[in-house]
Amino acid sequence: MAKRHPSLFPLSRDHHDGLMLALRLRQGKKALLRDWSHDPKWQANYVSNFYQQHLVPHFEAEEKALFPAMKKHARESLKVIEKLLDQHREIRVRMKRFQKPRDLGLDEQLRQFGDLLEQHIWIEERELFPIFEKSMRREVAERVGKQIELIRKQGKE
């Protein structure tokens, strides 16, 4: 990943963990078993826990701090933000299925979730974050960074 504006460091660090999860889900039965299981119900439970611990505070920081600031100060980000918000909604819907998993098609649902998560992360890293770094004034970017840290900290308490 490219060198990021310091305000985006927490979100980019989250992306590393998300990409590791996405890779394992996409690998299916070929994923290495260290701290992992090939059992789809175990994986669905892991994904649900990951969502609560990592994605909920991450999405909240984006939706309450990053996206509103970018909509105001970097209007060229609007289409990308709408796409990301659509993916946030889709991820939330999929989480409901993983909280009460059924065996039928679970392997494929997990693989598809891995694809979606990876795609989502790369849109942020390759499209949204470069717009932020190019368009945001320093004082606005720093304020957004402080808001991101505060929201994520509150979400993980």
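# A guided tour of a five-helix chain

Begin by selecting Arg-26, Glu-108, Arg-111, Asp-115 and Glu-118, which are joined to one another in a network of salt bridges. The model on display is a predicted one. Across the structure, the count of salt bridges comes to 14, and several others are visited below.

**The whole chain**

Now show the whole chain as a cartoon. Five helices and zero strands are present, and from the N terminus on the order of elements reads α-α-α-α-α. Turn the C-alpha trace about its principal axes: the spans are about 50 × 30 × 25 Å. The radius of gyration is 16 Å, which agrees with the value near 15 Å that a compact globule of 157 residues would have.

Colour the residues by accessibility next. Of the 157 residues in the chain, 44% are buried. Contacts may also be displayed. Among those with a separation of 6 or more, 75% are between residues 24 or more positions apart.

**The cavity**

Which residues should be selected to see the lining of the largest cavity? Select Asp-14, His-15, Gly-18, Phe-50, His-54, Leu-55, His-58, Phe-59, Leu-117, His-120 and Ile-121. The structure holds one cavity of 30 Å³ or more, and the largest cavity encloses about 70 Å³ of space.

Colour the helices around this space separately. Helix 1 (9–27), helix 2 (40–73) and helix 4 (106–135) each contribute at least two residues to the lining. Helix 2 provides the largest share, with five residues. Then colour the lining by residue class: five residues are nonpolar, five are polar and one is charged.

**A salt bridge between distant parts of the sequence**

Move to Glu-125 and Arg-4, and display their side chains. The two meet in a salt bridge, with an N to O distance of 2.9 Å. Glu-125 belongs to helix 4 and Arg-4 to the segment before helix 1, so this pair ties together parts that lie 121 residues apart in sequence. Are Glu-125 and Arg-4 buried or exposed? Both residues are buried.

**Two salt bridges with short sequence separations**

Select Arg-137 and Glu-139. These residues form a salt bridge in which the closest N and O atoms are 2.8 Å apart. Arg-137 has 46% relative accessibility and therefore counts as partly exposed. Glu-139, at 41% relative accessibility, is partly exposed as well.

Continue to Glu-142 and Arg-138, whose side chains meet in a salt bridge at 3.8 Å, N to O. Both residues lie in helix 5 (residues 138–155); because they are four residues apart, about one helical turn separates them. Arg-138 has a relative accessibility of 57% and so counts as exposed, whereas Glu-142, at 37%, is partly exposed.

Keep Glu-142 selected and add Leu-8. How far apart are the C-alpha atoms of Glu-142 and Leu-8? Their separation is 9.6 Å, although the two residues stand 134 residues apart along the chain.

**Ile-81 in helix 3**

Select Ile-81, which is located in helix 3 (residues 78–99). Its relative accessible area is 0%, so Ile-81 is buried. Show the surrounding side chains next. Setting aside neighbours within four places in sequence, Ile-81 is in contact with Phe-67, Met-70, Lys-71 and Leu-128. To follow one of these partners, draw a line from Ile-81 to Met-70: the C-alpha atoms are 8.7 Å apart, and the sequence separation is 11 residues.

**Gln-43 in helix 2**

The last stop is Gln-43, placed in helix 2, the helix that gives five residues to the lining of the largest cavity. With a relative accessible area of 5%, Gln-43 is buried, because the limit for that class is under 20%. What does Gln-43 touch, not counting residues up to four places away in sequence? Its partners are Leu-25, Trp-36, Ser-37, His-38 and Leu-110. Select these residues together with Gln-43 to complete the view of its contacts.

Key:
Residues are numbered from 1 along each chain as its sequence is written. This is a predicted model: local features need pLDDT of at least 70, side-chain atom pairs count only at pLDDT 80 or more; totals for chains, interfaces and linings use all residues. Side-chain values use heavy atoms; hydrogens and water are left out. On a 1 Å grid over the protein atoms alone, a cavity is a set of points where a 1.4 Å probe fits but cannot get out, and a pocket is an open set with protein on both sides within 12 Å along at least five of seven lines; lining residues have an atom within 4 Å of a point. Grid points are joined across faces, edges and corners, and a volume is the space filled by probe spheres set on the points. Ala, Val, Leu, Ile, Met, Phe, Trp, Tyr, Cys and Pro count as nonpolar, Asp, Glu, Lys and Arg as charged, and the others, Gly among them, as polar. A salt bridge is a side-chain nitrogen of Lys or Arg within 4 Å of a carboxyl oxygen of Asp or Glu. Buried means under 20% relative accessible area, exposed over 50%, partly exposed in between (1.4 Å probe, protein chains only). The radius of gyration is taken over C-alpha atoms; the globule rule is 2.2 Å times the number of residues to the power 0.38. Contact means heavy atoms within 4.5 Å.
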